[in-house]
Amino acid sequence: MRVHVSSCLKVQEQMANCPKFVPVVPTSQPIPSNVPNRSTFACPYCGARNLDQQELVKHCVESHRSDPNRVVCPICSAMPWGDPSYKSANFLQHLLHRHKFSYDTFVDYSIDEEAAFQAALALSLSEN
């Protein structure tokens, strides 16, 4: 699936046209406690908050390029399959290679991995 996503012109076109998440107006509504925040993240090095995925990558490359500490990827740990205790040996390379796109664009969190794989195969076959 990753190979397909990285080489598919339709996927790349859709990614280029996706709007960046920006809140429209502040709200007094509480954030539901049972829904994980997969939109913004804190920097695992310095704790800078409310960074979307692209901002987190940019921030870490600009501010923490030479930091040798092993840290937990906040993007991965927010995912249903993420391990909140796993520390990346090379976090910057992990960010640059594993988080080139937003999971929200391509992942249906309500289905399991096998169902997602089958849906991707069916969609891929139907486009030919």
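When I say two residues are in contact, or touch, I mean that they have heavy atoms within 4.5 Å of each other. Keep that in mind, everyone, and let's walk through this chain together.

First, some housekeeping. This is a predicted model, so I follow its confidence rules: local features need pLDDT of at least 70, side-chain atom pairs count only at pLDDT 80 or more, and totals for chains, interfaces and linings use all residues. Residues are numbered from 1 along each chain as its sequence is written, and side-chain values use heavy atoms, with hydrogens and water left out.

Now the overall layout. The protein chain has seven helices and two strands; these are DSSP runs, with helices being H or I of at least four residues and strands E of at least two, numbered from the N terminus. Reading from the N terminus, the order is α-α-α-β-α-β-α-α-α. The chain has 128 residues, and 23% of them count as buried. By buried I mean under 20% relative accessible area, with exposed being over 50% and partly exposed in between, using a 1.4 Å probe and protein chains only. The accessible surface is about 9500 Å², and carbon and sulfur atoms account for 55% of it; those areas come from the Shrake-Rupley method with a 1.4 Å probe, and for residues only the protein chains shown count as cover. Among contacts with a separation of 6 or more, 47% are between residues 24 or more positions apart.

Let's go inside. The largest nonpolar core holds 17 residues, and those with the most contacts inside it include Cys-43, Leu-56, Ile-75 and Leu-95. A nonpolar core here is a set of buried Ala, Val, Leu, Ile, Met, Phe, Trp, Tyr and Cys residues joined through side-chain atoms within 4.5 Å. Helices α3, α4 (74-77) and α5 (91-98) each give two or more residues to this core, and α3 makes the largest contribution, with four. In soluble globular proteins, nonpolar side chains tend to be buried together.

So which residues touch Leu-56, beyond those up to four places away in sequence? The list is Phe-41, Ala-42, Cys-43, Pro-44, Leu-51, Pro-74, Ile-75 and Leu-95. Leu-56 sits in helix α3, residues 53-63, and has a relative accessible area of 0%, so it is buried. Its C-alpha is 8.6 Å from that of Thr-40, which is 16 residues away in sequence. Looking back from the other side, Leu-95 contacts Leu-56, Val-57, Cys-60, Ile-75 and Lys-100, again leaving aside neighbours within four places.

Staying with α3, its buried residues are Gln-53, Leu-56, Val-57, His-59, Cys-60 and Val-61. At the N-terminal end of this helix, Asp-52 acts as a cap, with a side-chain oxygen 3.2 Å from the backbone nitrogen of Gln-54. His-59, also in α3, is buried at 18% relative accessible area. The side chains of His-59 and His-64 make a polar contact of 3.1 Å. That term means a pair of N or O atoms within 3.5 Å; within protein, one must be able to donate a hydrogen and the other to accept it, and residues adjacent in sequence count only if both atoms are side-chain atoms. Setting aside neighbours within four places, His-59 also touches Cys-43, Cys-46, Ala-48 and Leu-51, among others.

With those cysteines in view, how many disulfides does the structure hold? Zero, where a disulfide is a pair of cysteine sulfur atoms within 2.5 Å. For Cys-43, the nearest cysteine sulfur belongs to Cys-46, 3.8 Å away. For Cys-73, the nearest is that of Cys-76, also 3.8 Å away. Cys-43 is buried at 3% relative accessible area, and Cys-73 is buried at 4%.

Last stop, the aromatics. There is one aromatic pair: Tyr-45 and Phe-91, edge-to-face, 5.8 Å centre to centre with 70° between the planes. The rule is that rings of Phe, Tyr and Trp (its six-membered ring) pair if their centres lie within 6.5 Å; planes under 30 degrees apart are stacked, over 60 edge-to-face and the rest tilted. Why does this pair tie together parts that are 46 residues apart in sequence? Because Tyr-45 is in the loop between α2 (9-17) and α3, while Phe-91 is in helix α5. Both are buried, Tyr-45 at 18% relative accessibility and Phe-91 at 1%.
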